[in-house]
Amino acid sequence: MNYMHLIEILKNHTVYLQTHNYPDPDALASAFGMQVFLQVHGIESTICYAGNIEKNSTKRMIEEFGIEAVHIDDLKDMCEEDYIITIDAQKYNSNITDFPGEEIACIDHHPTMIPCAYQYSDIRICGACSSIVANYFKQSNTSIDKRTATALLYGIKMDTDSFNRGVTDFDIEMFGYLHAFADNNKITALYHSNMEIEDLHAYGEAIRNIKIFDNVGFASIDFDCPDALVAMISDFILGLDVVELSVVYATRNGGYKFSVRNETDIFHAGTITQKALDGLGGGGGHFTMAGGFVTKESLESLGPNTGFMIRQRFLDVINQELEKHNKQKENEQ
């Protein structure tokens with residue numbers, strides 16, 4: 001991407017870097033890295049979000065790297081003329097709030113669900129948004145300091161689950177680039193302290209009610225659970241030797257947050273989630289990982305046995321996708 005085009009667009013404007021509502025390490029690292037990059041090129045910016053930063057491990061990351069992220073409630077002066085770059089998120093997605101400013105640019109690593117006519121767009125399907133931001137420094141020969149390199153490397157490590165999930169050659173290339181500048185001892189210390197005591201209750205609940213159908217594992221959590229933790233538990237369920245696709249959902253913000261993980265060569269986690277939740281809420285994502293959200297009212301509309309109905313919707317879509325895959329194989333023979 002032509003980074004100078006973005007710089008020219010942003011000149012003489014108030015600029016905000018907006019993450020998704022519940023920013024995780026990759027979102028925060030990406031926004032922080034982009035803030036540093038823009039500052040080197042003469043553009044000042046403010047990192048902002050709606051929702052909450054929930055996990056103590058994420059709050060510790062903010063403290064370690066000195067990241068200043070401002071909640072929407074504290075952005076009293078944002079106006080329609082201000083420019084917004086969405087980071088690790090895209091306008092119209094269910095996980096990002098519409099702020100007063102104009103979303104003129106997007107830097108993200110997720111598939112596009114609803115197109116938006118940005119003035120500048122850099123959307124690449126890869127393991128972490130931090131990889132895309134790191135590439136801005138590399139391609140433009142912009143010097144990167146240890147703190148920024150460490151934050152971006154940590155973002156990559158966390159969003160790819162230490163290169164076990166959704167990783168691409170591009171992520172590995174950016175890891176190699178950042179590794180030379182980063183404080184790897186700090187990354188190790190942060191990575192090994194990202195679970196909290198309260199998280200064990202959610203794991204216990206998921207283990208208690210897990211149900212497995214062929215190679216698909218389902219689990220639900222009946223109390224409020226941070227987005228990042230729902231994703232971690234979905235990864236955990238996928239780690240079972242009999243599970244190749246996991247579906248985990250938990251009570252969240254007046255509804256239910258879904259996290260889906262896939263390690264088969266047949267299914268696309270984003271497609272399955274989108275189709276299974278169609279008419280109830282929204283969802284989508286990558287081949288290996290996806291997320292979704294359903295309101296409480298929509299889920300209750302399924303009747304008294306919501307768990308059964310949710311499983312059936314996902315299993316129906318999975319069977320349909322399997323039939324399509326088998327027919328394609330037959331036609332190729």
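This passage walks through the overall build of the chain, its cysteines and a handful of single residues.

The model is predicted, so local features need pLDDT of at least 70 and side-chain atom pairs count only at pLDDT 80 or more, while totals for chains, interfaces and linings use all residues. Residues are numbered from 1 along each chain as its sequence is written, and side-chain values use heavy atoms, with hydrogens and water left out.

Starting with the overall picture, the chain holds 12 helices and 12 strands. These are DSSP runs numbered from the N terminus, with helices being H or I of at least four residues and strands being E of at least two. The C-alpha trace spans about 55 × 50 × 40 Å along its principal axes. For 333 residues, a compact globule would come out with a radius of gyration near 20 Å, and the chain's own 20 Å agrees with that. The radius here is taken over C-alpha atoms, and the globule rule is 2.2 Å times the number of residues to the power 0.38.

As for packing, 52% of the 333 residues are buried. Buried means under 20% relative accessible area, exposed means over 50%, and partly exposed is in between, with a 1.4 Å probe and protein chains only. Contacts (heavy atoms within 4.5 Å) often reach a long way along the sequence: of those between residues at least 6 apart, 63% join residues at least 24 apart. On the outside, the chain exposes about 15,100 Å², and carbon and sulfur atoms supply 48% of that area. Accessible areas come from the Shrake-Rupley method with a 1.4 Å probe, and for residues only the protein chains shown count as cover. The chain carries 25 positive and 48 negative charges, and the mean positions of the two sets are 3 Å apart. Lys and Arg count as positive, Asp and Glu as negative, with His and the chain ends not counted; each charge is placed at NZ of Lys, CZ of Arg, CG of Asp or CD of Glu.

Turning to the cysteines, a search of the whole structure turns up 0 disulfides, a disulfide being a pair of cysteine sulfur atoms within 2.5 Å. For Cys-106, the closest cysteine sulfur is in Cys-129, 8.0 Å away, which is too far for a bond. Cys-106 is buried, at a relative accessible area of 0%, and Cys-225 is likewise buried at 0%.

Next come two residues in helices. Met-4 sits in helix 1 (residues 3-10) and counts as partly exposed at 34% relative accessibility. Its C-alpha atom is 32 Å from that of Gly-51, which is 47 residues away along the chain. Gly-33 belongs to helix 2 (residues 25-40) and is buried, with a relative accessible area of 0%. Beyond its neighbours within four places in sequence, Gly-33 is in contact with Val-133, Phe-137, Thr-148 and Leu-152. Thr-19 is 14 residues from Gly-33 in sequence, and their C-alpha atoms are 13 Å apart.

Finally, two loop residues have a positive phi without being glycines. Asn-12, with a phi of about 65 degrees, lies in the loop between helix 1 and strand 1 (15-18) and is exposed at 81% relative accessibility. Asp-161, with a phi of about 55 degrees, is placed in the loop between helix 5 (146-159) and helix 6 (169-179), and is partly exposed at 27%.
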